[in-house]
Amino acid sequence: MIASCLCYVLLPAVRLFRALSDAFFTCRKNAFLAKSSSPQVDGDFAMAPRGPDQEECEGLLQQWQEEGSSQALSTVSEGLLVDKGVAQSSLALLMDHPGEHDAAPEDKWSSRQLSDLRAAENLEEPFPEVLGEEPLPEVEGPMWAAVPVQTGPQYADCAVLSVGALAAEQWEEDPAVVAWSIAPEPVPQEEAPIWPFEGLGQLQSPPVEIPYHEILWREWEDFSTQPDAQGLEAGDGPQFQFTLMSYNILAQDLMQQSSELYLHCHPDILSWNYRFANLMQEFQHWDPDILCLQEVQEDHYWEQLEPSLRMMGFTCFYKRRTGCKTDGCAVCYKPMRFRLLCASPVEYFRPGLELLNRDNVGLVLLLQPLVPEGLGPVSVAPLCVANTHVLYNPRRGDIKLAQMAVFLAEVDKVARLSDGSHCPIILCGDLNSVPDSPLYNFIRDGELQYHGMPTWKVSGQEDFSHQLYQRKLQAPLWPSSLGITDCCQYVTFCHPKRSERRKYSRDFLLRFRFCNIACQRPVGLVLMEGVTDTKPERPAGWVESVVEEDISEPEPDFRRTVGTIQHCLHLTSVYTHFLPQHGRPEVTTMPLGLGMTVDYIFFSAAESCENGNRTDRRLCRDGTLKLLGRLSLLSEEILWAANGLPNPFCSSDHLCLLASFGMEVTAP
């Protein structure tokens, strides 16, 4: 009990004594600093000029610091917290260097200042508390350093700043400062921008000098010397060879509307001027004979793309999307290689029809290859080139199927020859469907049973099977008023329209010579002798009434198949959608960091020579259009290594598709 009372009485007394001693020594320190012969300049640090006694000063201050540290530890054990930041700032005030090595002799410290410093060295408590102040907690983390003191008597109130805030200033390292300064914490490096899509992995920002041309290198796969199913080389006999490119070039308006998809890209590579220069370089490098583009912004097309492509030798056709959309599709060809026979734009929008209420479009051209004169009197069949961009919405597979049916009907009309067959066809574009999806299989196999199928499953872009309510396809998919059959043909081509002029036999027409109408005098008929003054006499046995011949044609039969659609264009894909050398699927785009194939080039080929297997049609000898080569695609891992799409090397979020074809040249 007595000990407790003594503690309560003696402890405040001890603290009062410490505060008084601290005030006394602080006044002495300010006094000899004020009397110092060192010049005090605004913005410079209070410092001790270098001289013969510099080493002694350094030793004294180092000893002062060590004693202060030990005293601070003892003070903490007694429950007293000390502000080390203020003490260290005072040391920096005494020891920091102004940056000039050639100090004048009269600026050296006087012996009185050194004696005062030695007296301060013998202090038992170098970190006293100020009476009446609450102890400041000891802060761990950022290091602190002294800043330039203000001119005036308040030298002890030295401000402190974080070392990171002063990193930009070039300080000359003083050995004395280095001796006592606490080692600065390592400054963390700037973190890479966070990939905004959870669960999809982060595309790390590549180094500035990343060799994009090496990472994104694409090889040319040559099929011209490979034997076909009958053992014959595809290059036998004269051929008309040409190359075709299909490319979704990413409209600038669409990119800005969906800017969250391109957060991993540097803003500079997303500017249109940068992207346009890259795209033109790509066109010039591959130099295709036919160029099919999607997402072509209208103002960019007329102001930059079309003039530039015309200078490269192309003739261009453009179809903007309907409604308020600003982009569309374009097909360009070289008039030195082809002659235009017809161009047919396709609009999928049908007023009042909910299934076709979107603004997507297509473009179909019929081109006549121009054979060199050196081959003599030979001919090549016309070529039908079709380009489209189908609706993106992964949930609305019903709309995608209806759009594809309209597009195939237009292709069937343009490519149909007089004998009912079709000329060679190339169908390409962004179909927004993955390989082996129902829509893809319908184009390749020519048939699809859709009744009861969930609409999201048509394109295969996303899996919505977890949702309770799922829209399903019902038969018939589109109404008969659309004028397209379930075989994806216009009704007028399945059932030729009846001619307005009727054909009658001579005997039938002679019956009207003495009919009742012919024997009646018209009202107001002018009488002319020998012409209108006589009435025709009906021969005996002549039938008065004339029975009209039934020459009407039967109405076309609109029989609709139940839940099945078909087409007869015999199309197959240029790409196999798999990279055997890498063991990975091919990728044409990377939305949200996930690689997938949605761009295609289909071409018409004859039926397979073996067992009717349509998967082997690519090298079949019986067709007039043959695949001679293609530009290889890339895998998802390779695109990740290049920071996805777009990147400084590829200025679109899609890869271009390029293929070489050969057409048989026949004698007339």
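1. A disulfide here is a pair of cysteine sulfur atoms within 2.5 Å. By that criterion, this predicted model holds zero disulfides.

2. Cysteine 384 is a good place to start: this residue is in no disulfide, and the nearest cysteine sulfur, that of cysteine 423, is 5.4 Å away. With a cut-off of 2.5 Å for a disulfide, that distance of 5.4 Å does not qualify. Cysteine 384 also counts as buried, at 0% relative accessibility.

3. Cysteine 650 may catch your eye too. The closest cysteine sulfur belongs to cysteine 656, and at 7.3 Å from the sulfur of cysteine 650 it is too far for a bond. Cysteine 650 has a relative accessible area of 5%, so this residue is buried.

4. Moving on to asparagine 432, you will find this residue in the loop between strand E11 (425-430) and helix H11 (438-445). Despite the loop position, asparagine 432 is buried, with a relative accessible area of 6%. Leaving aside residues up to four places away in sequence, asparagine 432 touches His389, Val390, Leu391, Tyr392, Lys400, Ser459, Gln461 and Val598.

5. Tyrosine 504 is another loop residue, placed between helix H12 (491-494) and helix H13 (506-510). Its relative accessible area is 33%, so tyrosine 504 is partly exposed.

6. Finally, have a look at the surface around that tyrosine. Tyr504, Leu509 and Phe512 form a nonpolar patch there, and together they have about 270 Å² of accessible area.

Technical notes
Residues are numbered from 1 along each chain as its sequence is written. This is a predicted model: local features need pLDDT of at least 70, side-chain atom pairs count only at pLDDT 80 or more; totals for chains, interfaces and linings use all residues. Side-chain values use heavy atoms; hydrogens and water are left out. Helices (H or I, at least four residues) and strands (E, at least two) are DSSP runs, numbered from the N terminus. Buried means under 20% relative accessible area, exposed over 50%, partly exposed in between (1.4 Å probe, protein chains only). Contact means heavy atoms within 4.5 Å. Patches are made of residues with over 30% relative accessible area and no salt bridge: like charges are joined within 9 Å, nonpolar side chains (Val, Leu, Ile, Met, Phe, Trp, Tyr) within 5 Å. Accessible areas come from the Shrake-Rupley method with a 1.4 Å probe; for residues, only the protein chains shown count as cover. A salt bridge is a side-chain nitrogen of Lys or Arg within 4 Å of a carboxyl oxygen of Asp or Glu.
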